[in-house]
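Reader: Got a minute to go through this one with me? I'd like to talk charges and cysteines.
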Amino acid sequence: MNGMDDNDGEQDLFDDDNDFDDIPEAALQELEHNALLSTQQSRKPNTLAPPVRPPFNIQSHRLSSSVHQHLPQNVPEDDSFEYIADDDLATPVEEHTSFNLKHHVPSESVSRETFRQHRYGQPQFHAGPPARTQPGQNVIPLQPQAPSDGRFYGFPAKPLPARSTQPSLQDHSVPETNDPQVLRAQIRALIKDNSVLTSDLRQAKDTALTQNGEISIIRSKLEKETKVFDRQIGSLKKAMQDEAAKYKAAVDALTEKNRQLSTRFQFLEQEHAQGMQETKSLKQRLRDQPSTEQHDGISTPKHGMGASLRDGFDDDDIMLQSPSKSARRSKPATPTIANKRKRKLDAPSPVKGLTLRLSGRASDEIQPRPPPSALPEERPAVIVRKDPQAERNLRFLQLILDFHPRAKDETLLENLVQYAFPSDHNKRFSTILLDGVAKLNGDRLPADLLQIFVDMWAQSLKEQFYKPISLLIEVVGFIVDHNMASLDTGIVNSLVPVVQNSIAINARKRFEHSPVYHSSFGTIRQTPQAALNHDVNSTSCLDLLLTMSYVVKDDSALTDLFWRLMDPEFILMMLNAWQPIPDITLMLQLLATSICPSTFGPISTSDQQTKIEHWIINRVCCLLWETPQVDEGLPPNTTDQLCHLRLEVLDLLTALAITSSPYPHDDPNYHGSLLLANDSHAIARIVRSLFDEVSSMYLLTPSRVLHSELVNRGVRVLYHVLQTHSQTINLQEKLSVINGGVHKHRVVLTRLAFSEGFYIDRHITAETVAMATGLLEESVTPDEADELIEAFPGFKGRGSTSEMRGEIGDDLEDEMEVIEGG
């Protein structure tokens, strides 16, 4: 009757098994007393109103027991009602389905009520009609009486066996009535009130559940935010600790350097003072020394350093005249013989003069050189070259050991002394190099020497020791540049994975911050500088890879090995828009060297080769309209940089589809052009790029020349692909993959076909206009072509007023340059 499901009503009203346990003991005693008295009243036939069943069958006995004290003691006589058995009793709620008692265990209060009924006996019913009430007896109408806790209204209950014949006074005196309509109305009122209370209870529970759910959501969000906040605080603390450690290390290094400089300055100051003192003493000795007379001719030289004591001291300072010797008398002169004749000075001596030979360096300076005829004839030394390869290897080794890295004054060995692996601090890089060089021999000396540096590079990556990597990259590049023959199979096998892993150190961090990464999909954010490792330069590594690709290009076996070692995921990651423009440019140039008659890009050993090629084509074509992002703290890319990047993309597509194919480049079965023709997005993205570049060209920006060149190259690629594979390409289907593809195709071709080359489009070539006209004629109907001609009534071709356009164009260009410069 109330529109509720039976089971729901029971759950709402009787979900607490301890409802009757909360009733005071006096209330239960009074209830039993009233119930016993009610069974002893005299009953007359057809006077007892039919008892009303509660809407929930499982709790009928409990309800009858709890509300019996509020029911009338004496029921007036009424022939229209007769007593029937409890099973046959008709009530207004009979349409509800009774609850299956077999599936529910009675609660404690129900068990207590059942025990009480078994103790005092079951209610007694008579087969005949019930006794009528005496006149004057008060009949209490069925009014809803709520218990003390206000949980539900009472219903009439079945009478229980009497324990006493004494009547009891009711707590409420209500005027008696014997009108069955009134009783039915009262029953309906009770049922209606029960429905209202049930609805209110349900609403209250729904409200409570809603509030509990909101509280749970708020609590979960609070916990999540707390975890995120704690994580951020932890990362900030870690970053601060790292920065503090870095700054502390820098301060310690500067302090140590300052201490060394101070010590060196003190030594130099002391040496300078000593030098000044020696200079002063030398000057003093030169002043005190008497001037010696100059003698002509050859005289006996003084003893030079050959007569030095060679004890490390200056002989002039310590070989002074002895005081005892100076005090002696000088020896007397030799007495002459009397009457001895003296030889005249001009007379020749009868004895042959002695030949004096000077010793030391003075003899070379003073002794006259003999005439050339007297000198012995010197023969040039004969150099015998037994092994030219050994001589070349020796010179190459000397060149590497004497190599000076960029921005450094020290040699290679002096720089390698500064580094040692964390796993072995006692063994420096220079020691490893010298140990390896001592074992080199044979014709593979350059390759073996290169392998030593590659092994040190790989070990540094393994131990995450990134500081010497920049030096190793430079040395390896220097060796490859000076000896290309050193790149053999073993070097390619070991060097290519090492270079890729070095590039991926920073490239993977940038890719993880891009919006295409699965954990941050759709989120645009810059790569923070703290996430990058500045000891590894990815651009230098890519340049080394490009050099290796150029070197092995002429060797098909090495080229095949090189591209089998290249990881497809690495190439796709390097073509992501979150990589620096120089890195993307080098990767595009590297891909240009992978074009082969039957493959493009990395060579896969599985059946994924076609999928990999289309993934690369798709990623390359996306760069025609994507804008690469820079790292955090760096200035944004300029328009010129973006245009040069897109020119590299079009150069790659041109080489893939046109220039790499055999002359005359019109083979419809060529692998490169088939890749572009069969790709689902390549043609549409080229058209979109042409539309954007033509629109940018008409904005009169300083980069309009670059936009024009992009249009020229893009139209060439599009025209070649559509003309070569016109039988297999469904142009409408290809253009439908982008928004407004057909519209952009018609607009850009119309602009180019009716281009007069006046000023804005003066850098668009006549060949481009002719190709655009041919593509437009194939894509429109004759009626549409007539309408286009009518839309440009004054167009007479590109060469009609070339002289006037050239003069006016030059004047306008000069004015624009003045405006842009001002």
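Author: Sure, here is a short chat about salt bridges, cysteines and a surface patch.

Author: First, the ground rules: this is a predicted model, where local features need pLDDT of at least 70, side-chain atom pairs count only at pLDDT 80 or more, and totals for chains, interfaces and linings use all residues. Residues are numbered from 1 along each chain as its sequence is written, and side-chain values use heavy atoms, with hydrogens and water left out.

Reader: OK. How many salt bridges does a search of the whole structure find?

Author: The search turns up 13, counting a side-chain nitrogen of Lys or Arg within 4 Å of a carboxyl oxygen of Asp or Glu.

Reader: What does R444 pair with?

Author: R444 bridges to D488, with the closest N and O atoms 2.5 Å apart. R444 sits in the loop between α11 (429-437) and α12 (445-462), and D488 in the loop between α13 (469-482) and α14 (489-512), so the pair ties together parts 44 residues apart in sequence. The helices here are DSSP runs (H or I, at least four residues), numbered from the N terminus.

Reader: Is R444 buried or exposed?

Author: In between: R444 is partly exposed at 41% relative accessibility. The cut-offs are under 20% relative accessible area for buried and over 50% for exposed, with partly exposed in between (1.4 Å probe, protein chains only).

Reader: And which residue does R646 meet in a salt bridge?

Author: That's E693, at 3.6 Å from N to O. R646 is in helix α20 (residues 639-659) and E693 in helix α22 (residues 682-697), so this pair links parts 47 residues apart in sequence. Both R646 and E693 are buried. Elsewhere, salt bridges with shared partners join R444, D448 and D488 into one network.

Reader: What about E626 and R619?

Author: Their side chains form a salt bridge too, 2.2 Å from N to O. E626 and R619 are both buried.

Reader: Switching topic: how many disulfides are there?

Author: A search of the whole structure gives 0, taking a disulfide as a pair of cysteine sulfur atoms within 2.5 Å. For C622, the nearest cysteine sulfur is that of C621, 7.3 Å away. C622 counts as buried, at 7% relative accessibility, and C541 is buried at 0% relative accessible area.

Reader: Last one: which residues form the negative surface patch?

Author: D783, D786, E787 and E790. Patch members have over 30% relative accessible area and no salt bridge, with like charges joined within 9 Å. E790 is in helix α27 (residues 782-791), and E790 is exposed at 63% relative accessible area.

Note on methods
Patches are made of residues with over 30% relative accessible area and no salt bridge: like charges are joined within 9 Å, nonpolar side chains (Val, Leu, Ile, Met, Phe, Trp, Tyr) within 5 Å. Accessible areas come from the Shrake-Rupley method with a 1.4 Å probe; for residues, only the protein chains shown count as cover. Lys and Arg count as positive and Asp and Glu as negative; His and the chain ends are not counted. The place of a charge is taken as NZ of Lys, CZ of Arg, CG of Asp or CD of Glu. Helices (H or I, at least four residues) and strands (E, at least two) are DSSP runs, numbered from the N terminus.
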